[in-house]
Amino acid sequence: MANLREAQKQMTRRLLLESGLELFKTKGYAATTVDDIATAAGTTRVTFYAYFPSRSDLMRALIDEQLNETLQRVRSPEHGSTARDLVETVAEGTQEAITAWLRRTVELWPAVRPIIRIGRDAAVVDPDLPDLVERWLEEAIADIEDGLTAAGRLEPHQRHFRGVLAMAELDYVAQHWQGSDWKISREQMTEELAASWVRLLN
């Protein structure tokens, strides 16, 4: 019985997260209320607050849980979250390894892009969420820095900033790829990104 109750709680929580994400995508973060999310999830405002103290906390959970789960990032005492495969890819530093990692990441963009966009929109209108996405990006930058440190490449003072540049490229392309006419195929775009990363990280 306890296991069934726990499964029901987890299902309700996931429904709230999924309903919040869908409403944030369609209505926008600012226009979506707690009542909207609860109704879409087939529950009540009281139930919503049993899981999330506020709409801001649900947004944080979308970043901390759904985004990290999609990208296979795990909890890290040093950085908040980490993607071990990114650290290992950067440590290897080859064109092949970086291209393969970027290809896997590009495949996830349809799931990742909306959460990043909503997080940035939320940070603009919600004083409880300043720099929500930027803090998360700093965790990915730290992974790049860790990979460079593990490989002993570049000078210590260069490693973090090279990570900043690499993630800035990836983030910009990820957020603008769909609506842009860059006259380049997705495969060519991935190869160009990989070539740029190889130059930056070696």
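This is a short talk on the core, the main pocket and two residues of a predicted model.

Okay, let's start with the core. The largest nonpolar core takes in 55 residues, and the ones with the most contacts inside it are Leu 58, Met 59, Ile 144 and Trp 197. Where does the largest share of this core come from? That would be helix α8, residues 132–151, which puts in eight residues.

Let me stay with Leu 58 for a second. If you don't count residues up to four places away in sequence, Leu 58 touches Leu 16, Leu 17, Gly 20, Phe 24, Ile 37, Phe 48 and Phe 52. 

Now, the pocket. The largest pocket holds about 350 Å³ of space. It is lined by 23 residues, and the closest to its centre are Leu 71, Trp 101, Thr 105, Trp 136 and Leu 170. So who builds the lining? Helices α5, α6 (95–107), α7 (109–125), α8 and α9 (156–176) each supply at least two residues. Which of the helices gives the most to the lining? It's α9, with five residues. As for chemistry, the lining divides into 14 nonpolar residues, four polar and five charged.

Keep Trp 101 in mind, one of those closest to the pocket centre, while we look at Asp 85. You'll find Asp 85 in helix α5, residues 84–92. Buried or exposed, or somewhere in between? Asp 85 has 25% relative accessibility, and because the partly exposed class runs between 20% and 50%, Asp 85 counts as partly exposed. Setting aside neighbours within four places in sequence, Asp 85 is in contact with Trp 101 and Arg 104. And if you want a distance to check on screen, go from Asp 85 to Ile 141: they are 56 residues apart in sequence, and 13 Å apart in space, C-alpha to C-alpha.

Last stop, Thr 190, in helix α10, residues 186–200. Thr 190 counts as buried because its relative accessibility is 2%, and the cut-off for buried is under 20%. What does its side chain have for polar company? A polar atom of the Thr 190 side chain lies 2.9 Å from the backbone oxygen of Arg 186. Again leaving out neighbours within four places in sequence, Thr 190 is in contact with Thr 99, Leu 102, Arg 103 and Val 106.

That's my tour. Happy to pull any of these residues up on the screen.

Definitions and conventions:
Residues are numbered from 1 along each chain as its sequence is written. This is a predicted model: local features need pLDDT of at least 70, side-chain atom pairs count only at pLDDT 80 or more; totals for chains, interfaces and linings use all residues. Side-chain values use heavy atoms; hydrogens and water are left out. Helices (H or I, at least four residues) and strands (E, at least two) are DSSP runs, numbered from the N terminus. Buried means under 20% relative accessible area, exposed over 50%, partly exposed in between (1.4 Å probe, protein chains only). Contact means heavy atoms within 4.5 Å. A nonpolar core is a set of buried Ala, Val, Leu, Ile, Met, Phe, Trp, Tyr and Cys residues joined through side-chain atoms within 4.5 Å. A polar contact is a pair of N or O atoms within 3.5 Å; within protein, one must be able to donate a hydrogen and the other to accept it, and residues adjacent in sequence count only if both atoms are side-chain atoms. On a 1 Å grid over the protein atoms alone, a cavity is a set of points where a 1.4 Å probe fits but cannot get out, and a pocket is an open set with protein on both sides within 12 Å along at least five of seven lines; lining residues have an atom within 4 Å of a point. Grid points are joined across faces, edges and corners, and a volume is the space filled by probe spheres set on the points. Ala, Val, Leu, Ile, Met, Phe, Trp, Tyr, Cys and Pro count as nonpolar, Asp, Glu, Lys and Arg as charged, and the others, Gly among them, as polar.
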